[in-house]
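Colleague: I am new to this structure and would like a close look at a single part, the lining of its main pocket. Please start with the terms I need and then place that part in its surroundings.

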Amino acid sequence: MASPAVPSTAPPVPRPTAAAEPLAELPIAPRRRPWRYVGGGLALLATGLLLRSLAGNPAFEWPVVGAYLTSAAILRGLWLTLWLTAVVTVLGFALGTVLAVARLSGNPVLRSLSWGFVWIFRATPLLVQLLFWFNIGALYPRLALSLPFGGELFAVRTVDLLGPVLTAAIGLTLHEAAFAAEVVRSGVLSVDQGQLEAAASLGLGRGRVLRRIVLPQAMRAILPPAGNMLIGTLKGTSVISVLAVHDLLFSAQLIYNRTYQVIPLLVVATLWYVAVTSLLSVGQYYLERYFARGSTRAELPPTPWQRARAALRRAGGR
């Protein structure tokens, strides 16, 4: 005989309803920032008013600026400024690298001499150094080369040997070397010590380690301040006008002392300084990008030229 059915005690399974279905994601509204647009509009308005004032002020004498911008005297002064900047930068960083290596060496004499050089030339204003070298003939009227137990082989008057251009080059180079030494030293110290230990375990010499391992990695830390120093040297050459060196600024001064058109000639010098500084900044950007390869696992961001080409391709594809 069959037993009676026992009622089930399990809870009933709820049926899916419309409320259990996943809800659609709601769009996220960006936060409104009205003051950002107000600030941008005010900045554009101020910039427009400034440009209008510059373009409409007759005291600037823009026709005179255009006439002297490519004059022979200004271009000769520009060439001397560029030549002096290149020579001072190359020689300054070469001497600065030697000073940085001496500062990091284990020889206490070399360390002390390097520190003393950097201390003296960083503590003295550039104009004072230039005037000192310009008047070096008062300390040493003659420069001579002679044998210890023989006669004089060579002698020349100091004022005949050290002209204004050579004096400016010496003063700027020594001043540049003092700051370049600290830049190079900080870049070398930024390299991980594990790199040096790995190179020592491979039996590499100190010179080869410095050239092939330390300096390529230190360039990432050296280039930004070195670029600033290069631009500072370009502008700092204007100080040599006190030595009557015919650089860009002194050439402009000679012209406006004759024509009394001070503002237009200063604008001419300013425009050339801005143009050359902008080109140097572009070169610094690409050099930093070159030495930044391999520093991170991510790809380098596109350059402004690459972004512009991509924008043109997208615009052409439409």
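Modeller: To read the lining by class, take Ala, Val, Leu, Ile, Met, Phe, Trp, Tyr, Cys and Pro as nonpolar, Asp, Glu, Lys and Arg as charged, and the others, including Gly, as polar. Sorted in this way, the lining of the largest pocket holds 15 nonpolar, 5 polar and 1 charged residues. The model is predicted, and the values below are computed from it.

The pocket itself comes next. The space in the largest pocket is about 520 Å³. Its lining is made up of 21 residues, and those nearest the centre are Val188, Leu196, Arg206, Leu210 and Val214. Four helices each give two or more residues to this lining: α3 (72-104), α7 (164-189), α8 (193-201) and α9 (206-236). Among the contributors, α9 gives the most, with 6 residues.

To place these helices, it helps to have the whole protein in view. Its secondary structure comes to 12 helices and 2 strands. Read from the N terminus, the elements follow the order α-α-α-α-α-β-β-α-α-α-α-α-α-α. The protein has 318 residues, and buried ones make up 28% of them.

Helix α9 also takes part in a second pocket. The second largest pocket holds about 370 Å³ of space. It is lined by 16 residues, with Thr89, Phe93, Met219, Leu223 and Ala226 closest to its centre. At least two residues of this lining come from each of α3, α9 and α11 (262-291). As in the largest pocket, where α9 gives the most, α9 has the largest share in the second, here 7 residues. By class, the lining of the second largest pocket has 11 nonpolar, 5 polar and no charged residues.

Helices α3 and α7, which both help to line the largest pocket, are also joined by a salt bridge. Arg103 pairs with Glu182, with 3.0 Å between the closest N and O atoms. Arg103 is in helix α3 and Glu182 in helix α7, and the two are 79 residues apart, which makes this a link between distant parts of the chain. How exposed are the two partners? Arg103 is partly exposed, at 22% relative accessibility. Glu182 counts as buried because its relative accessible area is 19%, and the cut-off for buried is under 20%.

Glu182 has further partners. It forms a salt bridge with Arg122, at 3.8 Å from N to O. Because Arg122 lies in helix α4 (residues 108-123) and Glu182 in helix α7, this pair ties together parts that are 60 residues apart in sequence. Arg122 is partly exposed, with a relative accessibility of 44%. Glu182 also meets Arg185 in a salt bridge, at 2.9 Å from N to O. This pair stays within helix α7, where the residues are 3 apart, about one turn of the helix. Arg185 has 21% relative accessibility and is partly exposed. The count of salt bridges comes to 3, and Arg103, Arg122, Glu182 and Arg185 are linked by them in a network.

Helix α3 belongs to one more part, the largest nonpolar core. This core has 16 residues, and Ile74, Leu248, Ala252, Leu265, Ala269 and Tyr273 make the most contacts inside it. Two or more of its residues come from each of α3, α10 (248-259) and α11. The most come from α11, which gives 6 residues. Helices α3 and α11 thereby appear both in this core and in the lining of the second largest pocket.

A database record adds some context. An unreviewed UniProt entry lists residues 37-60, 80-101, 113-134 and 262-287 under "transmembrane region". In the model, the chain over residues 80-101 is 100% helix and 0% strand, with 31 Å between the end C-alpha atoms. Over residues 37-60 the chain is 83% helix and 0% strand, and its end C-alpha atoms lie 33 Å apart.

To return to the request, the lining of the largest pocket has 15 nonpolar residues, and α9 gives the most residues to it. Two of the other helices in that lining, α3 and α7, are the ones bridged by Arg103 and Glu182.

Definitions and conventions:
Residues are numbered from 1 along each chain as its sequence is written. This is a predicted model: local features need pLDDT of at least 70, side-chain atom pairs count only at pLDDT 80 or more; totals for chains, interfaces and linings use all residues. Side-chain values use heavy atoms; hydrogens and water are left out. On a 1 Å grid over the protein atoms alone, a cavity is a set of points where a 1.4 Å probe fits but cannot get out, and a pocket is an open set with protein on both sides within 12 Å along at least five of seven lines; lining residues have an atom within 4 Å of a point. Grid points are joined across faces, edges and corners, and a volume is the space filled by probe spheres set on the points. A salt bridge is a side-chain nitrogen of Lys or Arg within 4 Å of a carboxyl oxygen of Asp or Glu. Buried means under 20% relative accessible area, exposed over 50%, partly exposed in between (1.4 Å probe, protein chains only). UniProt positions are given in the numbering used here, feature names are shortened, and annotations may be inferred rather than shown by experiment. A nonpolar core is a set of buried Ala, Val, Leu, Ile, Met, Phe, Trp, Tyr and Cys residues joined through side-chain atoms within 4.5 Å.
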